[in-house]
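Please read the following note with the sequence and the model open beside you, and check each point against what you see. The points go from the whole chain to single helices and then to single residues.

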Amino acid sequence: MGSLTASTMWMIPGQNQSWVSEFILLGFSSVPSTNSILFIVFLLIYLSSVLGNGLIIMLVCLDTQLHTPMYFFLSTLSLLDMSFVTTTVPQMLVHLLAHSQTISFAGCWLQMFVFGALGMTECTFFVVMAYDRYVAICYPLRYTVILNWGLCIRLAGGTWISGFFSSLLHTFFTMSLPYCGPNRVNHYFCEGPSVRSLACMDTHTIEMVDSVLIVILVIVPISLIVASYIRIVMAILKIKSTQGRCKAFSTCASHLTVVTLFYVPASYIYLRPNSSYSPERDKQVSLFYNVFTALLNPVVYSLRNKDIKRAFLKVMGHSRVDS
């Protein structure tokens, strides 16, 4: 474990104790040749994620036929994904090529807050998207009446507010802990549990606060999504025609795929006991809900979506889409 220099420490006035003023993010590798390969791979993934999600936002904004609750929520999810991946990957790319892998204490605080806010917002936002599918399938004739624009904006805004408030609590308690060294974070960004493991005091109380937030923002949303889809499946099974049932199931397939891609790795990291904490494995798993989900979401939602394809061809100058 590397020693701390004077430039990385703050002296606490009146006390013989110091706090670190910056952290070192260890990332994935210290081998230059490996870092060069990882830089190219993650740069391509990041650019593809930003372009894919940005394209969905642009199409929804430009095409009036996509001005429906479903596509409003989809464009909001794309904005979340684009912001989520931008919180971590650009800095990781810099660290893959730079000799220094440091991040200031304030920078770590900010990154942890924004990453947590966007992640927690996405957790609850999937519930809103499940509710959208529930109303569309169970009450198709009243869909636009129930999900009017006022309700859509309140639902989306509520998820953002709850996510940012919850992250503020998590980040405040985590970064208020004393960090007297070492300052080497075994991760590619300032992830809460990885930073908290460096605190030089007992973190049991903070872990209890995090456990409450996890129940509210992970367990409860998953339960609501499952409940929504139980009602959806019951409604679909009442449809007499096979074609109607297949069409109804296909409208939910994209959402279920995205929810699985996000919740499975996130649940693995945040719902397991602290005793099974593995920094190396956690770094790899976190890539799935942070990086790969943002890359795959536009693909999942556009491949089988005729409305998105039609809007894309329309923007590209074509007047119609083959059925």
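1. Overall make-up. The secondary structure of the chain consists of eleven helices and five strands. The radius of gyration is 22 Å, close to the 20 Å that the globule rule gives for 323 residues, so the chain is as compact as a globular protein of that length. Please keep in mind throughout that this is a predicted model.

2. Extent and surface. Along its principal axes, the C-alpha trace of the chain spans about 75 × 40 × 35 Å. The accessible surface of the chain comes to about 16100 Å², and carbon and sulfur atoms account for 69% of that surface. Of the 323 residues in the chain, 46% are buried.

3. Contacts and charges. If we take the contacts in the chain between residues at least 6 apart in sequence, we find that 75% of them join residues at least 24 apart. The chain carries 19 positive and 13 negative charges, and the mean positions of these two groups are 16 Å apart.

4. Helix α1. This helix covers residues 32–62, which is 31 residues, and it reaches 44 Å from its first C-alpha to its last, close to the 45 Å expected at 1.5 Å a residue. Which residues of α1 are buried? Among them are Asn35, Leu38, Phe42, Ile45, Tyr46 and Ser49, and further along Gly52, Asn53, Ile56 and Ile57. As general background for reading such a list, an α-helix has 3.6 residues a turn, so residues three or four places apart point the same way. The buried residues of α1 pack against α2 (69–86), α3 (89–97), α10 (279–303) and α11 (306–315).

5. Helix α2 and serine 78. The 18 residues of α2 should span 26 Å at 1.5 Å a residue, and the end C-alpha atoms of α2 are indeed 26 Å apart, which agrees. Helix α2 is mostly covered, since 13 of its 18 residues are buried. Serine 78 is found in this helix. Is serine 78 buried or exposed? Its relative accessible area is 2%, and because buried means under 20%, serine 78 counts as buried. Leaving aside neighbours within four places in sequence, serine 78 is in contact with Asn53, Ile56 and Ile57, and these three residues are among the buried residues of α1.

6. Serine 21. This residue lies in the loop between β2 (18–20) and β3 (22–25). With 13% relative accessibility, serine 21 counts as buried. Serine 21 and asparagine 183 are 162 residues apart along the chain, while their C-alpha atoms are separated by 8.9 Å.

7. Glutamine 91. Helix α3 is where glutamine 91 is found. Not counting residues up to four places away in sequence, glutamine 91 touches Leu25, Ile103, Gln111 and Tyr188. One of these partners, glutamine 111, is 20 residues away from glutamine 91 in sequence and 10.0 Å away in space, C-alpha to C-alpha.

8. Valine 114. This residue is found in helix α4, which covers residues 105–138. At 26% relative accessibility, valine 114 counts as partly exposed, because the partly exposed class lies between the cut-offs of 20% and 50%. Valine 114 and isoleucine 40 are 74 residues apart in sequence, and from C-alpha to C-alpha they are 25 Å apart in space.

How values were computed: Residues numbered from 1 in each chain as written. Predicted model: local features only at pLDDT ≥ 70, side-chain atom pairs only at ≥ 80, totals over all residues. Heavy atoms only, no water. Helix = DSSP H or I, 4+ residues; strand = E, 2+ residues; numbered from the N terminus. Rg over C-alpha atoms; globule rule 2.2 N^0.38 Å. Buried < 20%, exposed > 50% of the residue type's maximum accessible area, 1.4 Å probe, protein only. Contact = heavy atoms within 4.5 Å. Areas by Shrake-Rupley, 256 points an atom, 1.4 Å probe, with all protein chains shown as cover. Lys, Arg positive; Asp, Glu negative; His and termini not counted. Charge placed at Lys NZ, Arg CZ, Asp CG, Glu CD. Expected span 1.5 Å × (residues − 1).
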